[in-house]
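Subject: Structure for your review, with notes

Dear colleague,

I am handing over the structure below, together with some notes on what turned up when I went through it. Please read the notes with the coordinates open beside you.

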Amino acid sequence: MILLDLIEDALDDGFALTEALDGARDHAEHMLGVPSTYGVLVEAEAAALIVQAAGLEAGSPFGLAVAQGLASVGRLPVDQQRHCVRAASSRYAIIAPSFSPHSR
């Protein structure tokens, strides 16, 4: 959800959706505690969630459908792109695994 929030903020700052995704990947290590080599995994999951929130088929986070979906979402007006990112964040809040400090 933090990454999706970063993407939404970047859209507010005038970045294109793909630029926002790429830039957010760079923050994964510091903001999410994810090693930088795995930032692309976080980016791929966020991209797939955004595509699905737009009502498009995403398939694998690394598949062609996500790339095509992102291109479609990227052609929408910024307000609609922002809506897709918010919807992805809401969807993730529902499906995200919850972690308890006692589950280790």
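Does Arg82 count as buried, partly exposed or exposed, and at what relative accessibility? Before the answer, one caution: this is a predicted model, and everything that follows should be read with that in mind. Arg82 has a relative accessibility of 13%, and because buried means under 20%, Arg82 counts as buried. Its place is in helix 5, which spans residues 78-95, and, with residues up to four places away in sequence not counted, Arg82 touches Glu8, Leu11 and Asp12.

Salt bridges

The structure holds three salt bridges, and Arg82 takes part in the two that I describe here before turning to the remaining pair. The side chain of Arg82 meets that of Asp12 in a salt bridge with an N to O distance of 2.5 Å, and this pair links distant parts of the chain, since Asp12 belongs to helix 1 and Arg82 to helix 5, 70 residues apart. Arg82 also forms a salt bridge with Asp79, where the closest N and O atoms are 2.8 Å apart; both of these residues lie in helix 5, separated by three residues in sequence, which is about one turn of the helix. Through the partners that these salt bridges share, Asp12, Asp79 and Arg82 are joined into one network. The two acidic members can be placed by accessibility as well: Asp12, at 45%, counts as partly exposed, whereas Asp79, at 57%, counts as exposed.

The other salt bridge pairs Arg86 with Glu8, with the closest N and O atoms 2.6 Å apart. Arg86 lies in helix 5 and Glu8 in helix 1, so this pair ties together parts that are 78 residues apart in sequence. Glu8 counts as buried at 14% relative accessibility, while Arg86 counts as partly exposed at 44%.

Helix 1 and the nonpolar core

Which residues of helix 1 are buried? They are Leu3, Leu4, Ile7, Glu8, Ala10 and Leu11, and, seen down the helix axis, they fall within an arc of 160°, so they line one face of helix 1. The cover over these buried residues includes helix 2, helix 3 and helix 5. After helix 1 comes Gly14, whose phi is positive, near 95°.

The largest nonpolar core has 25 residues, and those with the most contacts inside it are Leu4, Ile7, Leu17 and Ile50. The elements that contribute two or more residues to this core are helix 1 (2-12), helix 2 (17-32), helix 3, helix 4 (64-74) and helix 5, with helix 3 giving the largest share, seven residues. Ile7 illustrates how the surroundings of one core residue are made up: leaving aside neighbours within four places in sequence, Ile7 is in contact with Leu17, Ala20, Leu21, Ala24, Ala46, Ile50 and Val85.

Surface

Finally, Tyr38, Val40, Leu41 and Phe62 form a nonpolar patch on the surface, and together they have about 400 Å² of accessible area. Within this patch, Leu41 lies in helix 3, residues 39-53, and at 42% relative accessibility Leu41 counts as partly exposed.

With best regards

Definitions and conventions:
Residues numbered from 1 in each chain as written. Predicted model: local features only at pLDDT ≥ 70, side-chain atom pairs only at ≥ 80, totals over all residues. Heavy atoms only, no water. Patch = residues over 30% accessible without salt bridge, like charges linked within 9 Å, V, L, I, M, F, W, Y side chains within 5 Å. Areas by Shrake-Rupley, 256 points an atom, 1.4 Å probe, with all protein chains shown as cover. Salt bridge = Lys/Arg side-chain N within 4 Å of Asp/Glu carboxyl O. Helix = DSSP H or I, 4+ residues; strand = E, 2+ residues; numbered from the N terminus. Buried < 20%, exposed > 50% of the residue type's maximum accessible area, 1.4 Å probe, protein only. Contact = heavy atoms within 4.5 Å. Core = buried A, V, L, I, M, F, W, Y, C linked by side-chain atoms within 4.5 Å. Arc of directions from axis to C-beta.
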